[in-house]
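Colleague: I am new to this structure and would like a close look at a single part, the largest pocket. Please describe what lines the largest pocket and what lies around it.

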Amino acid sequence: MAIEQIVHEAAPVVSASIAIFGITFLRWRTYVQHELIRSERDNNECLAPFQHDCGGVLTVHHIDPRGRGGSEDPTNKLTVCEAAQKLLHGPLKGRFLNEMRDIAKARTELGRQNGNEFEFPTGDIKLPPMV
């Protein structure tokens, strides 16, 4: 999916969120980055490195939590399903960190070699009007 398409598809969601929750532009940038990571880098697949009953909505999980100094860099994020996310915040908390870091780093490096930074564009992209 092209970055322009992701940005334009995000506009109604973000516009509604701004009206309701006072969401910031920084949050929109994060939303777009997560969409790029989930769809472009991780191919809409749960990449949790452990056996589980995969199911639910896919989400982008911070391997090292932001509250503990984890970054917003794509190498600190991995697409997992809702079931895996619950396990990672529950009984598996703190486990599989090295495996997840290795997967995220390898996929990000491969994408960067192919010219994708998985970041919100800073160039001449035309943003849709906010409602």
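Modeller: What follows covers the pocket, then the nonpolar cores, then the confidence of the model. The model is predicted, and the chain averages a pLDDT of 79, with 69% of the residues scoring at least 70.

The largest pocket holds about 240 Å³ of space. Its lining consists of 16 residues, and those nearest its centre are His61, His62, Ile63, Pro65 and His89. Two or more lining residues come from each of β1 (58-62), α3 (82-88) and α4 (97-113). Sorted by class, the lining has 6 nonpolar, 5 polar and 5 charged residues.

Ile63 also belongs to the largest nonpolar core, which has 12 residues, including Leu47, Phe50, Leu78, Leu88 and Met100. Elements giving this core two or more residues are β2 (77-81), α3 and α4; β2 supplies the largest share, 3 residues. Leaving out residues up to four places away in sequence, Met100 touches Pro49, His61, Ile63, Leu78, Leu88 and Arg95. Two of these contacts, His61 and Ile63, are among the residues nearest the pocket centre. Another core, of 5 residues, lies apart from the largest one, and its members include Leu36, Ile37, Val60 and Phe118.

Confidence varies along the chain. Among its elements, β2 has the highest mean pLDDT, 94, and helix α1 (residues 3-21) the lowest, 53. Over residues 14-20 pLDDT stays under 50, and the model gives this stretch 9 contacts beyond four places in sequence. Predicted coordinates should not be read in detail where pLDDT is low.

Technical notes. Residues are numbered from 1 along each chain as its sequence is written. This is a predicted model: local features need pLDDT of at least 70, side-chain atom pairs count only at pLDDT 80 or more; totals for chains, interfaces and linings use all residues. Side-chain values use heavy atoms; hydrogens and water are left out. On a 1 Å grid over the protein atoms alone, a cavity is a set of points where a 1.4 Å probe fits but cannot get out, and a pocket is an open set with protein on both sides within 12 Å along at least five of seven lines; lining residues have an atom within 4 Å of a point. Grid points are joined across faces, edges and corners, and a volume is the space filled by probe spheres set on the points. Helices (H or I, at least four residues) and strands (E, at least two) are DSSP runs, numbered from the N terminus. Ala, Val, Leu, Ile, Met, Phe, Trp, Tyr, Cys and Pro count as nonpolar, Asp, Glu, Lys and Arg as charged, and the others, Gly among them, as polar. A nonpolar core is a set of buried Ala, Val, Leu, Ile, Met, Phe, Trp, Tyr and Cys residues joined through side-chain atoms within 4.5 Å. Buried means under 20% relative accessible area, exposed over 50%, partly exposed in between (1.4 Å probe, protein chains only). Contact means heavy atoms within 4.5 Å. pLDDT is the predictor's confidence in each residue, from 0 to 100.
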